[in-house]
Amino acid sequence: MYTRLFIPIFVLILIVSGLRYYLLIDGEVRDARQRLSTELRHSAHYLIPALNSLSAQTNTLAIRNLLAQEVASSPAIWRISWHYQQQEIQQQNELLPAAAPAWFVRLLSLPAESVVTEVRLADGEMARLRLDARADNDSLHIWQKVTGQAKISVSIIFTIYFLLGLILRANARSLHKLAEASDKFKKGQHAIRMAVTGTAEARALALTFNSMATEVQALLLTLQRSQRANSEQLHFTWQLLHALPIPIFFQDQHGICQRINRAWEELFALSAVDVVGRPMPVLALHASKKPTPDTGHDKLVMEMQIQAGGEILDVIYYQASFTNVQGQTTGSIGALIDISERNQAQATLAAENERVETTLASIGDAVISTDVHGRILMLNKVAQQICGWSRKEAQAHALTEVFSLGDELQRQQLAGFLQKICLSGDILQANNQSLHARGGQRFTVDYTAAPIRQKNGKVMGCVLVFRDVSEKQQLMQQLSWQAGHDVLTGLENRATLNERFSTAIQTARTQKKWLAVCLLDLDHFQAINQNHGQEFANKLLQQVARRLESSTASEHHVARLGGDEFVVLLQNQQNVAGVELNLALLLAELAQPYQIEQHSISLTASIGVAIYPRDDVNADTLLRCADQAMYQAKLNGRNQFHLFDAEQDQQLRTHHNQRTRIRQALQQGELRLYFQPKVNMRQARITGMEALLRWQHPEQGIVGPLHFLPLIEHTDLIIDVGDWVLHQAMTQLRAWNASHADWVISVNIAARHFQCKDFVARLREVLAAYPDVAPEKLEIEILESAAIQDIQHVREVMLACQQIGVSFALDDFGTGYSSLSYLKRLPANTLKIDQSFVRDMLEDKDDLAVISAIIGLANAFKRSVIAEGVESAEHGVALMRLGCDLAQGYGIARPMPAEHIAAWAKNYVPPALWAHGKNPEWEDA
């Protein structure tokens, strides 16, 4: 095989290489001839004018020098002859250049070149110039190029033969292995298999043989032996995992634990029986680094802290998805690596460095140290702040450059001290010196310079300690300014505003004009603060302040009350139209994009306005009225102004009183939970209850939620009410556990409650208070319209709750902004068809089509679906035909107190029409 393959390839390589080198040499020879001819012509053109002139002067010596110079400067020319006036002057290059081998020179056939030119001199006589050139240099150049290419060709040929030999050897091995495996297979060793290794052909051969062997063996082996082999393989795998010192777990795609190894049990001091089959607990007490997902491989790596065995450990958490044989993701595998000792060592080192830095930073004076040559080694923070040099920038610079004194005599004195520091033990002191900082600032300082000595007395450098003695005066000026201004924005503060207020009211009263008190609050500023950070928010407030100053005339006043609240006093206003024009211009200016840290951000504001003397004559009252008007502007949609209205103010006070009464009802136990049953119509089975809030008013009796919940849905009171409802629902679940173990209670959660930052933590506390009630018995209902306000946050909260075991339902589905995108991103377990569609579905084809579409979406996204507002048996029949078996409504039962549920459940009999739901013939019809 080697001979049959190698010899033809070798012959082919020789032919190709011979053709290649022939073309290479031929091209190089042509280029060499052209270069020699060109160089001879150029030399002739250069020499003829000069020789003509020198020959006219009969300057033989100059002619010889010229010819010698040309021969020396042109390596290709070895001889030049000039014949004139019956004499011949000749110069030639006596140095023999390096040459290629003689046989190669003969092969090239590159002859010497000559140029003979006749020239008529000034006296009319003829002269002749002859230039001879040799091709030795060109022959050597071609020889070097050919030998270089030959080396490359030899390397390539060797590589080709080497790789080809490896391939042939691998194939020979594969054939030998195939022969051995076939022989063993014939002798009855049906379990023999070839290793799938080597080249692609070898792997294909091994796979083909293994496939054949497997098919034959499958006919001979029984199902019991196959199962035993799989069991032993699985047992070996788990023995291997148990032997690993790394804690490992497996969970399915729903977060339910499938397996844990022995290292995991030892780390958390628990048994696999306590964990397997249950939701994986949340491990992280604190994530010290953000997760770094690898989206291309479904991996997650992050550092976090966990509690194990009563200790807090720092670990690296690895998680990766695993799939079944079809390639579908069926769960994930996780592992923990303890890095507590590493982090502790790093923390110890960091603490040591921090102590050194803290010691220097805690010194009130500025400190600079140098080497014996006066070059900077270290500056503490005070010195960096005063001099304007960072430690990195200042290192290796001269002390007199960083500590730049304004007085030339003092600068020279300090430089002289540094030059003699090794010879003298003196200490240099100076007071009230002008120090010029790098940024152009000037400070008055007192300083002391002293040598740094080792124990043996050797001087190692200099330490200079100085103090900014101008700080006290600057501090007094700053405190005086800060007393009346906001430090961040430079605007007047509340104290100065009070003085301006009195003057402005007096001016308005004297001139009989209006004073508009405008309280301005930035819209969604808290979200910007959270998303971009405090420093970014502060810069934004500064730009807002500058715009307020530039948008108001000098006669007006701008102040910052605190946070994102500002006050603008518009003086000398003639009428409401003038005030509104100024406010519209101000809103337009504030709405222009802000450029901060290479980010462009848009921001709007809500403005409340109170007008003197129309609204009141007291400054505090005017501000309160403006605050109420500003609140109303936010309720109206933000990015607008609102003029204070006394009648509306009274209405707001009424709502406040009503909210106070509702809080009182919560505290005094006047709220009640009613329950409306949910049933599976096809199975004639009660599946659970929906908890509905009622108010047992001492005077008005039972009050429905629509009469009081809208008053508190945008306040934090709705959160307290929601927590109360969750506790009551869990209490009722505990009471029903024994007799109705499969019932699930669904609780409606308001948008403000659900979107609060600690909702998941609150829910955990509620569930922890009822350890005997499974979290799966609780279902949370949220409005579809509320879910899409911040869909990413809602999705994260829903996933966190589902990890605990709590399920979710989208209430009033179809009435908001339903879309495939929202449904895909929201991991709800159930969709609730709004009763507005169910009520008229028997008469309205459009409602019927909407319901059918919702059921289709639920089936496509593998969601459950339940219909509200089922008022008759016919509604139920129509819903079951469409594929919706779950329902609730007045046709099943009205909401009732918990104490009535048991009697109703005992006597509940589904309509006879629904019994046909189990008949296949009815379903086909």
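S807 sits in strand β28, residues 807-813, where strands and helices are DSSP runs numbered from the N terminus (H or I and at least four residues for a helix, E and at least two for a strand). The residue is buried, at 17% relative accessible area; buried here means under 20%, exposed means over 50%, and partly exposed is what falls in between, with a 1.4 Å probe and protein chains only. Leaving aside residues up to four places away in sequence, S807 touches L778, E779, I780 and N829, a contact being heavy atoms within 4.5 Å. All of this comes from a predicted model, in which local features need pLDDT of at least 70 and side-chain atom pairs count only at pLDDT 80 or more, while totals for chains, interfaces and linings use all residues. Residues are numbered from 1 along each chain as its sequence is written, and side-chain values use heavy atoms, with hydrogens and water left out.

E779, one of the contacts of S807, also turns up in a network of salt bridges together with K678, E690, E781, K832 and E868. A salt bridge is counted when a side-chain nitrogen of Lys or Arg lies within 4 Å of a carboxyl oxygen of Asp or Glu. The structure holds 31 of these salt bridges. In one of them, R30 pairs with D26, with the closest N and O atoms 2.0 Å apart. Both belong to helix α1 (residues 2-56), and because they are four residues apart, about one helical turn separates them. D26 is partly exposed, at 30% relative accessible area. Helix α17 (residues 534-551) has a pair with this spacing as well: E535 and K539 are four residues apart, about one turn of the helix. Their side chains meet in a salt bridge at 3.8 Å, N to O. E535 counts as exposed at 54% relative accessibility, while K539 is partly exposed at 31%.

The salt bridge between D132 and R79 has its closest N and O atoms 3.1 Å apart. This pair ties together distant parts of the chain, 53 residues apart, with D132 in strand β4 (residues 126-133) and R79 in strand β1 (residues 77-84). D132 is buried, at 3% relative accessibility, whereas R79 is partly exposed at 22%.

Turning to aromatic rings, a pair is described by the distance of the centres and the angle of the planes. Rings of Phe, Tyr and Trp (its six-membered ring) pair if their centres lie within 6.5 Å; planes under 30 degrees apart count as stacked, over 60 as edge-to-face, and the rest as tilted. The structure holds 15 aromatic pairs. F158 and F162 make a stacked one, since their ring centres are 6.2 Å apart and their planes meet at 15°. About one helical turn lies between F158 and F162, which are four residues apart in helix α4, a helix covering residues 136-186. F158 is exposed, with a relative accessible area of 58%, and F162 is partly exposed at 46%.

F249 and Y317 form a stacked pair too, because their ring centres lie 6.4 Å apart and their planes are at 10°. Here the partners come from distant parts of the chain, 68 residues apart: F249 from strand β5 (residues 248-252) and Y317 from strand β8 (residues 311-323). Both are buried, F249 at 2% relative accessibility and Y317 at 8%. Ring pairs join F249 and Y317 with W264 and F268 in a cluster.

Back on helix α4, F158 and F162 combine with L163 and L166 in a nonpolar surface patch with about 420 Å² of accessible area together. Patches take residues with over 30% relative accessible area and no salt bridge, joining like charges within 9 Å and nonpolar side chains (Val, Leu, Ile, Met, Phe, Trp, Tyr) within 5 Å. The areas come from the Shrake-Rupley method with a 1.4 Å probe, and for residues only the protein chains shown count as cover.

Helix α24 (residues 759-768) has F759, V760, L763, V766 and L767 as its buried residues. They lie on the same side of α24, because they cover an arc of only 120° around the axis, as given by the directions from the helix axis to the C-beta atoms. The cover over these buried residues includes α22 (717-736), α23 (751-754), β27 (778-783) and α26 (791-804). On the face turned away from the buried side, α24 carries the exposed residues E765 and A768.
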